[in-house]
Amino acid sequence: MVSVIRYRGYGIHRATRARTPSPERNHIRQLEPPKRRPHIDLSSIVLETDIPGPEPDPAMVQYEIRVATGDIYGAGTDANVYISVFGTSGESGKLQLTKKYTNLFERGRTDCFIMDLPDDLGELTKLRIEHDDSGFGAAWLLDCVHVTNLKTLVSNVFLCNEWLDNEHGTLRDLTPLQIGSFEDDPNTVQYEVRVATGDTFGAGTDANVYILLFGTTGDSGIIQLTTKYTNLFERGKTDCFIVDLPADLGELTKLRIEHDDSGFGAAWLLDSVFITNLKTEVAHVFICNEWLDNEHGRSRDLRAIPEDSYDDDDTGLSSLNWICCLYSIDDWRNPCVINSINLLMYRPRSAYYARPTKLFHVPKVDMNDFFQPQILAASKTNVNRHQFKSSACDLPHLSRKKVFLNENGSARIDYELTVRTGHQELAGTTANVYMKLIGKYGTVPKQRLKTMCFPPGSVRICKIHGPEIGDLKCVLVESDAFDEKDCWFLVDILIHNCNTNQTWHIPCHSWLSLWRGDGRVSKFFPAKSYQSPHFTEVNSIDYEITTVTGTIAMAGCSANIFVTVYGEKFVSPKIHLVCNDGDCFRRGKKDSFFVRGPNVGYLKQIKIEHDNSGNSPSWYLEKVIITDLEKSKMYTFSCNNWLAADKGDTSITRYLRLSNETAENDVENYRIDVLTGSQLGAETDSKVYISLFGQYGESGEHILENGINSFQQGSLSQFFLTTPSLGTIRRIKIRHDNNGLVNPSWFLEKVSIENMKTNTIYDFHCHRWLCETRGDGKIERHLVLHSTEFCESTLPVYLYTVKISTGEMTNAGTTASVFIILYGGIDGQESSGKIWLTRGKFKRGCSDVFDVELPALLSPLSRLAVGHDNIGTSPSWYLVSVAISCLDTGIEQFFPCRQWLARSQGDRAICRELYEDIKLQRSRKKLIPWMVTIYTGCKIGSGTDSDVHLILYGNKGKSNQLNLWNLGKNFHLGATDQFQLATNDIGIPTKIRIWVNDDNIVSGWYLEKVEFCNKLTMQTYIFYSNRWLSKTEDDGRILREFPAEGPGIHNPFPIVQYSTMVYTGSECNAGSTANVSICIYGDLGDSGERVLQSANEGSKFEKDQVDEFSLEAVYLGNLYQVTIKHGTLRSGEEWYLEKIIIWPSDKEPQTKTIFLCNSWINNEEKDLFPLKT
């Protein structure tokens, strides 16, 4: 066979592939709107215009070969590449793909060759491609190979998407994938994807764009949106694609869209994505309306809003309103006459979500004639003339390019809007603000909010009117802020339907300004349901808040001041006291602020704080006076204390109780006794802080001044604290700053607090390390009341898992200290207080996971706050999301952020309130949290550097394997180590199986005991050991079982030695040299897998031999099964097992249980059952 290959030059377009390693699932081709092409012409994919060359021999059969190299760093190769093509009628033989004076197989390139063969190979079955590993860079990422028979025009695609190198192999055998196979497969589902780019300067992108669809039945994998010869994602353009998937994804729930930041102009303003299942004709819209760039993030997770089904009436029109959009082409400066209009008709529901059905052109329109207009309306099959009842049309300054006309025939509904403005500098606006509500059954026309202004940090409540629109989907917010001084930062909106009492929350966190953010003053924001009595039962009223700054030296403050009001009904949002004239909070000055907020009822307490910003943030506050302007009632809250990080007790937050004529009765003096443990190294020289939580509120954080003799090993340190009366103290929070010079670690035994007036003593037991390198690594503890005088049993502690995800853009990580505050409980307003996440790294593109203990059950959370102290070499931080799961409720919640927390980025905020994405809430199987305490003995050589593993058994089952990793700081001689673990519900513990690895230098370990404390019931179970787990001590075992002692266990199970006799058959070659392991099952548990080891020397499992072993385990009860495992050393080696006899060594012989086998066992597990007698 004679074969010739001629090179045709480079392909004219770069190979396109998805990022997923299995591109067989996805096949994309461009759809030129509005005409749809159901199939691709194969010749358009594989055939190009020939480069002039010698004429081919007509007797030869020509094959075109296109080789696509991957598009990542180092994908190209300098090696020689060879190919062999196999078909049903023959093979091509090994041929080299080469061309003189041409650099082949470069990154992202497609190289094209012509192969001349004397015979047709028939249907292609296989392609072998390889290289000789020569050249400087031989490793090669092969994307795919296209082979086309130029005579029959039959094309085959051979997918690879793998590296060909020394590590993975330099040869691949590829099987063909027919290009048309997706269209021929009846299970293939086509999706139409329409991507709309924003219409502002620089909105388009040159980067590669990828999507990932999520549905109720699965996901699509990562798909690149691309096509040949087309400039995609340009400003104001809608690009349309057809995506073929091997299965229906069901109802779409989420879309992830991102770009790779390549190209000259990578930043992209994505408006929306519209996806239609062409099989079911179900459509979904995904609203974005955000920039995808390095500053705001290159990836977005968008939620799906399905387009509801509808029926046409006899006229071809829906029974619901039709919506028309008028797009001006020119002369938009004239508010009355538009010289040229394109009229775009939509199906009902919403102009933003609906799909366009018909486009009309009107050459000239006088807007004065639009009071009783007749508009052409389009349906699926015909065009009808439709008379609008009344549609008064106006042209707001911000909507010069479009006018929405809506038929208004429904009843009037009042909608109450609560609009929250950010605290940032220049965040407020005096411009006109317009809003339009878009719901399931229609829209509320755009209306101006009747309020004079939106000051920074303010909460404004307004009302608009319109028809019943059903469930709210999204909101259009517009502002006519053309001047820089009218920039507006909108935090969020709460919308309440006064007729149905439904409430929706619209998180915004965006600038509406021509001068800041993305430069837009008109944006769509999606809505989600919000259930809170805070906005459904509370009327808004006006308050006057007056602060009185002290007259002592340096009493004035330059920081931002915030107030939270606690009433008998509700708790207000955090209120920013904005200083408009720049002369507030000066020494000896009285400042008044007028705010409008929810009526919280009779005021009982306030929290006042500042952000420690500015040149002189320290503040001496005398008192705060709050006046209810509706009832003319005045409330006075005395302080007379510093809010300063460098003065007094260094607290910048104060909780103030209501003062009255007998104010001295509202102040309590407390004596605090702190007992430090007697363990070696228990003392600390770090700064210690404490917060008290009582029935009337909380004290705020106070420092316990660390004197020379404070917090010494085994000592009792005494402190005094004066705070407003807290009532019964229920819990405390105690921590240290880990900045001690000699020994920052601290072992705290307990804290006792005595009310000096009532002589009531509250005890809070700890018995744990506050240390980053010992125990569980935490330096902050929440302790609950341990006194039976106030409660029948000790209050439980609840465990939360917090996952913080940092962004991937440049400098996204932070070196600052990060904190989090959780809000939840019955009314959604109970707070965890500030929790410092001290052990997090918060590096770029990484996720940090923390276990948080709280004495209150807050799950499900209503919201959370996250921030940092802006300290460190690189404090700026881009936060993607926070995920919170509670082991006690099994609820997992997701709080998206995707914003900077930085003084130099975005809106310059370093603390944000986040709200849950309810669609991502998950209910997991409830887990039981345990506090595990390991006591290592004091014998010489007791410590170990091995990892410890255990399994916990109970009357309801057993746990998975639990791993206690030894990072070089645990299981030392005489040490007490604590770990937090979570298991499935096993009921009352019955036994524990514990073992160590035997591959470390110091593997031997003397275990004294293990304690398991159920953190929900606070019941403790003890497993006494006092045995070695060592191959060189005791009986040489490194695995042991111990019975449980504790509540609900009257007679612990005994430890039993099980004698096990293994009978090997007498057949030829019946013996084995492999390791044999056994697991014994009884009605009270199992022994776990044990390797059969004998103390006697000599070979085991020889032909016609009986081997006897002894297994130690907690009593298993009646035996009902044995699993035997034979691990062969050589391929094909078998072992003939005759039977196994097991009995407790301390029982009579008649208690023996016989398990017959009489069969060969290869490299497998075999279950044996007892012989019935």
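This section describes strand pairing, a nonpolar core and salt bridges in a predicted model.

An open sheet of four strands is found with antiparallel pairing, its strands following the order β41-β40-β43-β46. The edges of this sheet are taken by β41 (575-577) and β46 (653-657), and because each of these has a single partner strand, one side of each is left without a neighbour in the sheet. From one strand to the next, the twist averages 25 degrees. Within the sheet, strand β40 (residues 561-567) and strand β43 (residues 603-610) are joined in the antiparallel sense over seven bridges, and V563 has I608 in β43 as its bridge partner. In general, the strands of a sheet pair through backbone hydrogen bonds, in either a parallel or an antiparallel manner.

The residue I608 also belongs to the largest nonpolar core, which has 29 residues and in which I608, V624, I626 and F637 are those with the most contacts inside the core. Two or more residues are given to this core by each of the elements β39 (540-549), β40, β41, β42 (590-598), β43, β44 (619-628) and β45 (633-643). When residues up to four places away in sequence are not counted, the residues touched by I608 include I561, F562 and V563, together with W619, L621, V624 and L643, and also I652, T653, R654 and L656. In soluble globular proteins, nonpolar side chains tend to be buried together.

A further antiparallel pair is formed by strand β13 (residues 189-197) and β17, which are matched over eight bridges. In this pair, R194 stands opposite C240 in β17. Strand β17 (residues 238-245) is mostly covered, with seven of its eight residues buried.

Across the whole structure, a search finds 37 salt bridges. One of the salt bridges is formed by D301 with K254, the closest N and O atoms being 4.0 Å apart. This pair links distant parts of the chain, since D301 lies in strand β21 (residues 299-306) and K254 in strand β18 (residues 252-259), with their positions 47 residues apart in the numbering. With buried defined as under 20% relative accessible area, D301 counts as buried because its relative accessibility is 19%, and K254 likewise counts as buried because its relative accessibility is 12%.

In another salt bridge, the side chains of K991 and E1041 meet at 3.0 Å, N to O. Distant parts of the chain are again linked, with K991 in strand β70 (residues 989-996) and E1041 in strand β73 (residues 1039-1043), 50 residues apart. Both partners are covered: K991 is buried, with a relative accessible area of 2%, and E1041 is buried, with a relative accessible area of 0%. Through salt bridges that share partners, K958, K991, R993, E1041, D1086 and R1090 are joined into one network.

A salt bridge is also found between K1009 and E1011, for which the closest N and O atoms are 3.4 Å apart, and both of these residues are buried. Strand β71 (residues 1005-1014) contains N1014, a residue that is buried with a relative accessible area of 11%. Apart from neighbours within four places in sequence, the contacts of N1014 are with I928, P929, W930 and Q1019.

Note on methods: Residues numbered from 1 in each chain as written. Predicted model: local features only at pLDDT ≥ 70, side-chain atom pairs only at ≥ 80, totals over all residues. Heavy atoms only, no water. Buried < 20%, exposed > 50% of the residue type's maximum accessible area, 1.4 Å probe, protein only. Pairing = 2+ DSSP bridges. Contact = heavy atoms within 4.5 Å. Axes fitted to C-alpha atoms, helices over the stretch in contact; angles between N-to-C directions. Core = buried A, V, L, I, M, F, W, Y, C linked by side-chain atoms within 4.5 Å.
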